[in-house]
Amino acid sequence: MKDQNPLLSVKDLRVHFSERKNGGFGKPLSIYVVNGVSFDIFQGETLGLVGESGCGKTTLGRALIRLGRPVVTGKIEFAGQEISGISNREFRSLRKEMQMIFQDPFGSLNPRLTVGQMLGEVLLIHGIARGDAARNRIEELLDIVGLNRDYFNRYPHEFSGGQRQRIGIARALAVNPKFIICDEPVSALDVSIQSQIINLLKDLQRDLGLTYLFIAHDLSVVEYISDRVAVMYLGKIVEIADSIELYANPKHPYTRALLSAIPNPEPGTKKERILLSGDLPGPLQIPAGCCFHPRCPVAMAECKHKEPFLKDFDNNRHQVSCLLYE
């Protein structure tokens with residue numbers, strides 16, 4: 001896979017928002033939520049992105065497809081084309097190629113529109129189909145995501161959470177995208193429904209050749225669906241590797257702590273839990289040096305003032321940002 005050109009390539013991506021102190025009258029501050037992130041995603045693969053809530057995962061995903069209004073710097077290439085510097089008008093043509101599945105399946109759907117109206121609106125806006133052709137395409141989409149065609153005239157409140165997420169998936173598929181950002185698509189669902197949605201996403205990837213950025217905090221789900229996994233902490237990627245390699249041989253202390261929290265499926269066996277001290281700092285209190293050092297169980301004196309960078313291991317199959325390996 002690494003011999004291919006990446007479908008999506010991100011270099012030194014930084015996302016920041018401006019905020020004023022003292023009730024809005026103070027000097028504006030730049031709050032970096034994503035701070036120098038680089039990674040590649042290859043055609044047909046799933047890159048899992050994990051980390052605690054507040055580490056910048058969702059902000060990163062939304063910045064890739066220009067949702068919201070943050071200030072974004074760095075370089076983003078999609079299918080060999082640099083898209084970070086193009087205008088919003090030029091970017092609209094890429095909307096069909098890059099789609100997003102949202103965390104809240106109810107909040108992401110318009111409660112005033114039926115399923116047919118919602119999906120028909122997508123087809124109409126992008127000039128894909130209208131009239132009978134749109135109806136046929138919508139029914140095809142309902143079949144693909146495992147919903148009854150009779151749901152065409154129903155409203156979002158008439159569905160269960162799992163069914164709503166299937167509608168969200170159908171909406172993303174309506175424009176025949178190459179790349180889909182899955183922003184914690186199963187975290188709001190019951191465990192039994194989670195497995196159905198995950199298996200649906202895997203089937204769609206196999207059948208349609210899709211590429212995913214899969215954002216989640218459930219490490220068991222990420223292990224099951226991902227080809228590679230990136231671990232994020234305070235706006236930075238601290239480790240990235242093939243899924244099997246990362247789960248078997250985690251190098252960064254933060255990754256080890258996250259993996260130690262996964263419940264052991266073997267009854268009666270104990271698992272050593274690595275407990276981190278303190279809470280995730282806010283974006284205005286990012287520590288100097290290694291941003292993880294105040295919570296790191298193996299921090300050294302130099303971690304307080306020296307910033308680590310991603311270092312390659314195993315022929316670039318495993319990268320880690322930690323002074324223990326420098």
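This tour moves through a predicted model, going from its two largest pockets to a strand and its neighbours.

Begin by selecting S38, F39, I240, L310 and Q319, which lie nearest the centre of the largest pocket, a space with a volume of about 630 Å³. Extend the selection to the full lining, which comprises 32 residues, and colour it by class to see 12 nonpolar, 10 polar and 10 charged residues. If you then display the strands β1 (8-20), β2 (28-41), β10 (236-242) and β12 (318-320), you have elements that each supply at least two residues of this lining.

Next, turn to the second largest pocket, which holds about 500 Å³ of space, and select Q99, F102, V122, H126 and R171, the closest to its centre among the 20 residues that line it. Two or more lining residues come from each of α2 (88-92), β6 (98-101), α3 (115-125) and α5 (161-173), with α3 giving the largest share, 4 residues. By class, this lining divides into 12 nonpolar, 4 polar and 4 charged residues.

From β6, step across to β7, to which β6 is joined in parallel by 4 bridges; Q99, which you have already selected, has I180 as its bridge partner in β7. Select residues 179-183 to show the whole of β7, where 5 of 5 residues are buried: F179, I181 and D183 cover one side, while I180 and C182 lie on the other.

Finally, follow I180 to its bridge partner Y212 in β8, a strand (residues 211-215) that pairs with β7 in the parallel sense over 5 bridges. Adding helix α6 (residues 191-208) to the display completes a right-handed β-α-β unit with β7 and β8.

Terms used:
Residues are numbered from 1 along each chain as its sequence is written. This is a predicted model: local features need pLDDT of at least 70, side-chain atom pairs count only at pLDDT 80 or more; totals for chains, interfaces and linings use all residues. Side-chain values use heavy atoms; hydrogens and water are left out. On a 1 Å grid over the protein atoms alone, a cavity is a set of points where a 1.4 Å probe fits but cannot get out, and a pocket is an open set with protein on both sides within 12 Å along at least five of seven lines; lining residues have an atom within 4 Å of a point. Grid points are joined across faces, edges and corners, and a volume is the space filled by probe spheres set on the points. Ala, Val, Leu, Ile, Met, Phe, Trp, Tyr, Cys and Pro count as nonpolar, Asp, Glu, Lys and Arg as charged, and the others, Gly among them, as polar. Buried means under 20% relative accessible area, exposed over 50%, partly exposed in between (1.4 Å probe, protein chains only). Two strands pair if DSSP finds at least two bridges between them. A crossover is right-handed if, with the strands pointing away from the viewer, the path from the first strand over the helix to the second runs clockwise.
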